[in-house]
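Biologist: Please take a close look at one part of this model, and set it against the chain as a whole. I would like the terms spelled out with their cut-offs.

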Amino acid sequence: MLDDSEIRRILVINAHPDDVDFSAAGTIARWTDAGIEVVYCIVTDGDAGGRDESVPRAEMPPLRRAEQTAAAKQVGVHDLRFLGYPDGRVEATLGLRQDLARVIRQVRPDRLVCPSPERNYVRLGISHPDHRAVGSAALDAVYPDARNPFAFPELLADEGLEPWIVREVWLPGGPAPGHYVDITETFPRKIAALRAHQSQTGHMEELEEFLRGRLARTAAEGGLPEGRLAEAFQVLNTA
Ligand SMILES: [Zn+2]
């Protein structure tokens with residue numbers, strides 16, 4: 001696994017606004033505190049999310065982009081790229097692979113974070129179909145699309161985007177988590193980021209307690225001392 005001191009930029013790809021804040025915001029706050037530049041790429045605008053039927057659906061995309069932008073600020077992220085795919089209908093198409101390969105070549109990250117393409121049979125919610133599709137397309141974009149000059153040659157020919165090798169991928173909620181990040185100190189900022197998604201978390205009065213319990217169990221699974229909180233990842237060597 002690469003040491004954080006070897007990392008200059010990290011690209012985080014997700015399906016929906018708020019995914020990153022549930023899965024990895026505590027870890028991201030640690031990275032930005034260490035001076036690492038983090039960029040978010042969010043494939044949909046989350047326009048099928050929320051439960052307030054009085055909010056016209058057409059208002060959801062700008063609302064959720066604004067909420068994600070505010071959430072990102074809480075953990076030191078200021079560069080967000082929204083791809084505008086329709087929420088709930090994402091497939092791992094060649095078009096999505098090309099769009100993600102484009103962002104990878106633009107951002108040139110050393111490390112990339114994306115959802116696992118596997119279905120989770122214990123917690124179905126974390127393997128939402130959009131998450132699986134985005135995870136699958138993102139991994140295909142890491143290998144081979146972004147690094148192969150002959151994959152989507154128009155990216156180089158028309159847009160001048162040189163091939164790029166992402167050296168490492170982190171999957172939150174991957175089928176075989178092996179790396180546990182202690183986020184006890186950044187937990188309040190993770191909660192603040194989640195609270196910024198008012199349309200999604202406004203009704204969740206127990207959110208902080210719920211997450212504290214889950215992240216404490218994750219820390220225990222990772223062998224961290226009693227009282228610590230952790231986010232877990234499966235780390236892939238993709239150099
Ligand atoms: Zn999601």
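Modeller: I start with the whole chain. For 239 residues, a compact globule would have a radius of gyration near 18 Å, and the chain agrees because its own value is 17 Å. That radius is taken over C-alpha atoms, and the globule rule is 2.2 Å times the number of residues to the power 0.38. This is a predicted model, in which local features need pLDDT of at least 70 and side-chain atom pairs count only at pLDDT 80 or more, while totals for chains, interfaces and linings use all residues. Numbering runs from 1 along each chain as its sequence is written, and side-chain values use heavy atoms, with hydrogens and water left out.

The C-alpha trace spans about 50 × 45 × 35 Å along its principal axes. The chain holds nine helices and seven strands; these are DSSP runs numbered from the N terminus, with helices being H or I of at least four residues and strands E of at least two. Of the contacts between residues at least 6 apart in sequence, 78% join residues at least 24 apart, where contact means heavy atoms within 4.5 Å. Buried residues make up 49% of the 239. Buried means under 20% relative accessible area, exposed over 50%, and partly exposed in between, using a 1.4 Å probe and protein chains only.

The part I have chosen is α2 and the loop after it. The helix α2 covers residues 25–33, and the loop between α2 and β2 (37–44) is the place of glycine 35. Seven of the nine residues of α2 are buried, so the helix is mostly covered. Those seven are Ala25, Gly26, Thr27, Ile28, Ala29, Trp31 and Thr32. Glycine 35, in contrast, counts as exposed because its relative accessible area is 63%. The phi of glycine 35, which follows α2, is positive, near 90°. From glycine 35 to phenylalanine 152 the C-alpha atoms are 33 Å apart in space, and the two residues are 117 apart in sequence.

Earlier in the chain than this helix come two ligands of the zinc ion. The protein donors are His16 (ND1), Asp19 (OD) and His131 (NE2), at 2.0 to 2.1 Å from the ion. Their spacing along the chain is H-x2-D-x111-H. Histidine 16 and aspartate 19 are both buried. Donors are N, O and S atoms within 2.8 Å of the metal (3.2 Å for Na, K and Ca); water is not among the atoms, so sites may look incomplete.
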